[in-house]
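Trainee: I would like a close look at one small part of a structure, followed by whatever else helps to place it. Please keep the criteria explicit.

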Amino acid sequence: MPLTLLNSDKAIPEREKHTYIKAPSENILPLSNVQTTPGDFTERGCTYAGCMGVVCGPIKDVIHLVHGPIGCAYWTWGGGTRQNLSDNPGFHGKYCFSTDMQEDNIIFGGEDKLYKSILEAHEEFPEASGVFVHSTCAIGLIGDDLSGVCKRAEEETGIRVIPFNCEGFRGCSQSLGHHIANDTLFERVVGTKEPEELTDYDMNIIGDYNIQGDLWAIMPLFEHMGIRILCTFTGNASVDEIAQAHRAKLNLMHCQRSTPYICKLMEEKYGIPVVKATLFGVEQTSKALRDVAAFFGLEDKAEEIIKEEVAQIAPKIEAYRSKFEGKRVFIYQGAPRAWHWINMFREFGVETIAAATTFGHEDDYAKICERVNDGALVIDNPNSLELEEILTDLKPDLFISGLKEKYLAYKLGVPFINGHAYEKGPYAAYSGFVNFARDVEKTLFAPVWGLIRRGNDA
Amino acid sequence: MYALFGVHAAVPLVHGSQGCSAYPMRMFNRHFGEPVQVAVSSLGEDASVFGGKKNLVESIKNVIARRHPALIGVITTCLSETIGDDIDGIISEGNYEDSKVVPIHTPSYVGSHVTGYDNALKALVTNLSEESEPANAKLNILPGMVNPGDVLEIKQMLDSMNISYTILSDISETLNAPLMLPKPPFTVGGTSVAELEDCAKARGVIALCEHAGGSAAVYLKGKYGMAADTICPIGIANTDRFLDAVCDMTCAEIPYSLEQGRGRLIDAMVDVHMKTCGKRAAIFADPDIALALAEFVTELGMEPVIVSSSTASRKFLQKAKSVTDGEILNGRDLYELQRAVKDKEVDILFGNTKCTPIAKDENVAFVRCGFPVYDRVGYHRYGFMGYHGGVYLTDLITNAILEWGERG
């Protein structure tokens with residue numbers, strides 16, 4: 001079957017290009033990274049979400065000041081529903097900084113208010129290492145000179161004051177916001193500080209946001225190998241760590257949708273090579289360790305660690321596998337996790353019968369289509385009516401998605417895992433894989449599903 | 001959105017960028033534990049330059065074709081308002097067959113979330129209510145931004161008095177829906193569009209939250225000459241006053257069951273007065289709820305030393321002066337609240353989940369209330385309003401004080 005049109009999409013036939021059922025020896029990818037059909041009940045967010053919410057938000061020691069009316073700051077306060085953990089919880093994510101633009105500011109301009117807000121925030125929190133100013137829709141339209149104000153404020157305060165032009169209306173999804181954050185952090189931060197000392201084993205982990213402590217499961221593996229993590233971009237990162245990132249010998253890229261930009265820029269300017277990695281599941285995590293070890297010449301050490309880690313969890317994973325084998329999952333994630341997790345589920349004998357992303361690009365869909373079996377549905381930017389149709393008609397045993405889709409799945413009686421914010425993570429690396437399996441077991445076999453009463457279809 | 005979720009088969013259509021729908025949806029999911037469906041016109045860079053008309057027209061067409069809703073509420077944003085889209089004009093040009101389409105102006109740079117709810121209710125009654133004969137004996141109740149449990153308490157009181165009424169809008173079932181398969185296309189419950197049209201015929205209207213629904217009540221009173229009042233029935237005196245107003249408007253009498261309910265609340269308050277009397281309370285809530293809570297904690301023998309709301313309002317300030325000699329924070333943020341909590345030697349704090357860090361930092365007893373509450377479950381199910389809701393609130397308060405005492 002080639003591209004297909006779901007029943008719920010009869011009135012918006014352009015969705016056919018985004019909806020593909022994989023067939024043998026075809027070279028088709030669903031259309032992606034284009035404007036959403038207006039009014040189609042998309043689950044997508046905005047450019048501001050990608051910049052402030054995803055990439056910048058996890059940076060733990062700066063004031064994230066949202067320049068705009070209060071709504072945008074309020075909804076992203078503390079990372080919204082994202083749980084980007086840091087070791088600075090007394091400050092990071094605790095407060096909500098906004099210029100709180102009012103109607104007269106929109107009419108007469110918000111530059112003065114922004115300037116005063118930066119100084120006031122700095123005065124209240126002098127220990128913060130910088131101020132990141134995130135621009136919102138209204139600001140983009142009224143044309144405040146963000147760079148000028150930030151430059152003046154930087155001179156006044158003596159700390160970094162960096163503008164991000166991430167107005168929500170730019171781009172077609174969160175994706176452009178990732179790009180803007182990458183470019184701005186590269187231009188304004190990377191390379192502005194030298195590390196006190198360098199080793200031959202310095203590496204950055206790029207594109208991990210420390211969701212429920214993922215990095216704290218990942219980093220020890222590399223550290224035991226003898227590698228020093230110079231910078232984590234941007235989970236639990238300080239702005240100084242990002243400033244020193246240019247001295248690493250290698251960039252390990254985890255989220256390959258939100259951070260290929262900065263990896264490319266660092267490769268071009270500083271000659272830092274990139275290893276792309278998936279740090280979910282046993283096989284993929286082991287491959288990542290081996291790839292990194294091969295670069296640094298630490299192969300023996302890596303094998304030792306892999307052997308030890310795998311031995312620890314193998315019996316548990318085998319037990320889960322016997323319970324999960326033959327189950328069918330629908331994966332809907334931002335982008336890379338959709339393909340990261342197809343292979344992870346395969347380790348349990350769980351087949352991905354449908355996969356979707358919110359803001360994936362062609363390369364994401366190429367990886368998804370390569371990994372799923374024939375007959376699987378691959379759909380770009382699915383809207384809530386399509387999701388309901390897929391969950392109802394394909395009847396997956398498990399749906400893995402985010403909060404916005406969680407209660408839809410529950411109301412349809414479908415077991416669900418929150419893959420964005422997690423249930424009880426971390427889910428990365430070996431120990432995280434066991435957590436993940438534990439949560440999958442909980443939802444798959446919860447007795448409550450069996451108590452639901454099914455009436456006749458109206 | 002809050003207002004539209006209480007209208008049966010209604011679809012909120014956000015005219016703006018995608019973050020403006022995605023972010024609020026998550027907060028509704030978290031607080032209510034319910035799926036919510038929101039459409040967005042997905043304004044991009046082109047629309048920001050050339051106007052959003054094309055996106056809006058296409059959105060309405062697509063929503064109608066795929067969902068056949070009874071109502072679409074077009075909700076504006078900073079983006080569409082700053083571009084200057086004439087949504088009233090654009091909407092009036094269309095033909096929507098069986099669906100009603102109502103424009104609602106809610107840019108974030110004017111007022112607060114409370115303003116948005118108030119504007120939505122006013123837009124609904126202004127656009128949908130129709131004068132027609134015969135008048136009926138119904139009451140219109142505008143609950144404001146309260147929980148499904150609160151609406152349920154109100155409905156149960158009115159049912160016990162055999163009064164017919166229309167709740168504008170009624171989230172009691174739509175945001176606390178049962179899991180029964182097959183899932184209906186639209187959640188059961190909510191105010192019907194027909195009821196919204198008929199609300200003109202009612203004999204009276206009571207807004208439970210003047211700031212969130214009061215404008216619609218004023219409109220109904222002015223346009224159709226019905227009796228109008230605003231009372232937030234939290235606590236003994238406020239609930240008494242609410243029931244008196246209901247009786248005045250409908251000539252109903254207070255049944256014995258409600259007298260018993262009142263007695264039960266008094267009984268609960270007497271049982272715990274040794275725990276509650278003398279405690280110093282800080283209250284953070286939307287204006288009307290904050291005032292009513294301040295009155296109730298006073299009935300419990302507490303001293304409301306801080307009464308605060310993030311929505312700036314002259315009326316709130318005025319009324320707050322009559323319920324407290326303490327500090328009034330009018331349109332202030334939680335950073336200022338925390339400072340006040342430190343200064344005033346507070347024992348117990350009332351507020352939503354965003355106040356949890358303050359309660360921890362300052363080591364005070366904490367009662368969760370308002371929206372959003374997502375660090376505990378179930379708060380949407382139960383109401384503070386009415387005598388029965390007062391019992392629940394009394395227990396919450398006392399248990400919070402007891403737990404605080406055990407913490408030391």
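Trainee: In which helix of chain B is B:A47 found?

Mentor: B:A47 is found in helix α2 of chain B, residues 45-50. The model is predicted, so local features need pLDDT of at least 70 and side-chain atom pairs count only at pLDDT 80 or more, while totals for chains, interfaces and linings use all residues; side-chain values use heavy atoms, without hydrogens or water. Residues are numbered from 1 along each chain as its sequence is written, with chains lettered from A and ligands numbered from 1 in the order in which they are written. Helices (H or I, at least four residues) and strands (E, at least two) are DSSP runs numbered from the N terminus.

B:A47 has a relative accessible area of 7% and is buried (buried is under 20%, exposed over 50%, partly exposed in between, with a 1.4 Å probe and protein chains only). From C-alpha to C-alpha, B:A47 and B:I83 are 8.6 Å apart in space and 36 residues apart in sequence. A second buried residue of chain B is B:L293, at 0% relative accessibility. B:L293 belongs to helix α12, residues 287-299. Its C-alpha atom is separated by 18 Å from that of B:L243, 50 residues away along the chain.

Next, the strands. Chain B has an open sheet of four strands, in the order β2-β1-β3-β4 with parallel pairing (two strands pair if DSSP finds at least two bridges between them). Its edges are β2 (39-40) and β4 (100-104), each of which pairs on one side only. Strand β1 (residues 10-15) is joined to β2(B) by two bridges, and B:V14 has B:V40 as its bridge partner there.

In chain A, strand β4 (residues 130-135) runs parallel to β5(A) and is joined to it by five bridges. One of the pairings is A:G130 with A:R160. Strand β5, residues 160-164, has five of its five residues buried. In a regular strand the side chains alternate between the two faces of the sheet. Here A:R160, A:I162 and A:F164 lie on one side, A:V161 and A:P163 on the other, and both faces are covered.

A:R160 also has a charged role: it is linked with A:K193 and A:D240 in a network of salt bridges (a salt bridge is a side-chain nitrogen of Lys or Arg within 4 Å of a carboxyl oxygen of Asp or Glu). Over all chains the count is 35 salt bridges. In chain A, the side chains of A:R321 and A:E325 meet at 3.1 Å, N to O; A:R321 is partly exposed at 24%, and A:E325 is partly exposed at 47%. In chain B, the closest N and O atoms of the bridge between B:R332 and B:E336 are 2.7 Å apart. B:R332 is partly exposed at 39%, and B:E336 is partly exposed at 23%. B:E362 and B:K342 form another bridge at 3.0 Å, N to O. B:E362 is in helix α15 (residues 356-362) and B:K342 in helix α14 (residues 334-343), so the pair ties together parts that are 20 residues apart in sequence.

Some charges stay unpaired. A:D100, A:E120, A:E123 and B:D333 form a negative surface patch (patch residues have over 30% relative accessible area and no salt bridge, and like charges are joined within 9 Å). Asp and Glu count as negative, Lys and Arg as positive, and His and the chain ends are not counted; each charge is placed at NZ of Lys, CZ of Arg, CG of Asp or CD of Glu. Areas come from the Shrake-Rupley method with a 1.4 Å probe, and for residues only the protein chains shown count as cover. Within the patch, A:E123 sits in helix α4 (residues 111-124) of chain A and is exposed at 65%.

Last, the backbone. Most residues other than glycine have a negative phi, and most peptide bonds are trans. A:N381, in the loop between β12 (377-380) and α15 (384-394) of chain A, has a positive phi of about 45° and is buried at 2%. A:A429, in helix α17 of chain A, has a positive phi of about 60° and is buried at 1%. A cis peptide bond with omega about 0° joins A:G425 and A:P426; A:P426 is in the loop between β14 (416-418) and α17 (429-444). In chain B, the bond from B:L168 to B:S169 is cis, with omega near -5°, and B:S169 lies in the loop between β6 (165-167) and α8 (193-198).

Terms used
Patches are made of residues with over 30% relative accessible area and no salt bridge: like charges are joined within 9 Å, nonpolar side chains (Val, Leu, Ile, Met, Phe, Trp, Tyr) within 5 Å.
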